[in-house]
Amino acid sequence: MTDTLTEEKLTFQAEVARLLEIVAHSLYSEKEIFLRELISNAADACDRLRYEAQTRPELATSDQPFKITLTVDKPNRQLTVSDNGVGMSRDDLVKNLGTIARSGTSAFVKGLTGDAKKDLNLIGQFGVGFYSAFMVADRVEVFSRRAGEAEAYRWSSDGKGEFTIATAEREAPGTDVVLHLKEGEDEFLADYKIKEVVRRYSDHVPVPIELRIGPNKQPLNDGSALWHKVKSEVTEAQYKEFYRHVAHAMDEPWLIIHHRAEGTIEYTALLFVPSARPLDLFNPDRRHRVKLYLKRVFITDDCKDLLPAWLRFLQGVVDTPDLPLNVSRELLQKNPLLAKIRAGLTRKVLSELTRKAKDDPDAYLGFWENFGACLKEGLYEDKDEHRTEILKLCRFHSTGSDKPVTLDEYIQRMKEGQDAIYTISGDDLGALRASPQLEGFAAKGVEVLMLTDAVDEFWMPSVGTYEGRTFKSVTRGALDLDTIKGESKDDPKPAETPAALGALIVLFKLALGEEVKDVRASARLTDSAVCLVAADGDLDMRLERLLRQHKQLDKAVKRVLELNPAHPLVKKLTEMTGKEGASSVLEEAAHLLLDQARLLEGEPVPDPRAFAKRLGAMMERGLTRSIHHAKG
Ligand code: ADP
Ligand code: MG
């Protein structure tokens, strides 16, 4: 095909030569991306001819549809990527495959340091486009004919500083990129490998890709990008299959968001909310998996800034024509366009969730169960922006309802005189329900929200209020339930602390010393004798536990021990104060009751031996007395 008389030798632009040197010597592990790059170029060429033919119908010569063909020639160890797209003229070949035209690419080359390791790393994050062919080939030939022109040309190079251009022949417009594979790159002749790579990176290229090995022809994709179809043209089954493919999941999508944004920025998103919670949802990396496509070409599934971390349960793709294709992942992260896409997607997802919560509240609870804890991270991460919307999406277990409730429902049911949204938090719903601190609220019929996600400890202090009502933990601070008009006639009355109880409290304080912050009469207990609460302004007890678990806090915060004045045991102890010989018993009782309160909190008793000893002694005394009674 080559006419040697017309062959011309040309040198690569200096930047290209430099780039090629690195590419050729790269031991880069994802060499396979060369195929993505060549397929992407082929698909672009088809797109461009499709576009040009709109105004120049004579260009749409071939009656065959657009197609990308991968041809394997095993004996000659060649892999060829062909397309029937727009093709390249002689000048195009020189310019496109001899210089770096794109600003993104030149910026990348300028970023090369000369330090092989660092540069390799950069290349890894960067599509080097056509030149990536030299990662696997020691010679690349390009046969191309521009649509609308009669001549074809052959571009050829070993990637070492020079390339040649010669006239050639090609039946129809289009391009063949012939890779003469390097020693050791034979896997790219194997059909399983090619299939795998195409499936991985190019499955959704909107041009059919066909693999030819010898007489065998097989399609590798169906040539359509599902997300670019109109909603009405996509069936539920297709959405589902696509979801399973992109998410590597086996469940059903719970919610499908197929959304096209047009205007200053253009993008199409096909996003899914799974119906099952993936195992890695709470991995520390908090990565989302949504794939970024530029014009139907897969770029990355690791573009952090595409979505906030608190929406990482989403799966799917986002495709935009507005980003340069050869943009490095690093450059992507700082791209202002991405910030806009992210804002648009976030708004869209929240509004879809809001709609779903309204239309099908029961199904929404299933979503909330899976991903609520994740969504709540948005309450303190994206501060004011989406706070109200997310708060309205929140559901809480409540002492006032069998089903999780919304904050609005809670507020509607608030009692006269109640101005706070009361909460209690802990890991276990059952244990929370049995908390002594809830007793006074139960007696008054005041609802308390039970928070069981660790994240609750973080958003509540930062959010503070909802619709003017403060979130208030029932395990922290002094309580004044008196101002709330309760349901029951005989509200628990803390009233004034009687003098005798005052004496008992003084005695307890003396006995417990540094172990507690304070001892006081409780307004929140009806059945239990004692409970622990955090002092106003101190860390709530659960947060403290969490922080200690994560070694963020090494010493325990002192708590307030509250006594229930109405409890028979406390009454007894009160009677005993001041009696002769009672002080040592009262001292023991103080320690025992403190330990009991700790146990009720689910906290370990700090000195189990002492606890066991005191309990034993106390039981013995009790038993001796019962025996006396029995005898008497
Ligand atoms: P990019 O695709 O980002 O422009 P590449 O290095 O992949 O960068 O390709 C450089 C240029 O070469 C392309 O912009 C295109 O003009 C041209 N080109 C590459 N492959 C083909 C092809 N198969 N058909 C037509 N033009 C091509
Ligand atoms: Mg390209």
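This note looks at one helix pair and two buried residues in a predicted model.

1. The model is predicted: local features need pLDDT of at least 70, side-chain atom pairs count only at pLDDT 80 or more, and totals for chains, interfaces and linings use all residues. Residues are numbered from 1 along each chain as its sequence is written, and side-chain values use heavy atoms, leaving out hydrogens and water.

2. Start with helices α19 (residues 568–576) and α20 (residues 583–600). Helices here are DSSP runs of H or I with at least four residues; strands are E runs of at least two. The two axes, lines fitted to C-alpha atoms over the stretch in contact, come within 11 Å and cross at roughly 155°. That makes α19 roughly antiparallel to α20 (over 145 degrees, on a scale from 0 to 180).

3. Which residues of α19 and α20 make the contact? Leu569, Leu573 and Met576 come from α19, and Val585, Leu586, Ala589 and Leu593 from α20. Contact means heavy atoms within 4.5 Å.

4. Tyr466 sits in strand β19 (residues 465–466). Is Tyr466 buried or exposed? Tyr466 is buried, at 3% relative accessibility (buried is under 20%, exposed over 50%, with a 1.4 Å probe and protein chains only). Its C-alpha lies 7.9 Å from that of Leu407, 59 residues away in sequence. The Tyr466 side chain also makes a polar contact with the Lys392 side chain, at 2.8 Å (a donor and an acceptor, N or O, within 3.5 Å).

5. His180 belongs to strand β7 (residues 174–181). His180 is buried too, with a relative accessible area of 18%. Beyond four places in sequence, His180 touches residues including Arg77, Asp138 and Glu141.

Conventions
Chains lettered and ligands numbered in written order. Parallel < 35°, antiparallel > 145°, perpendicular 65-115°, else oblique.
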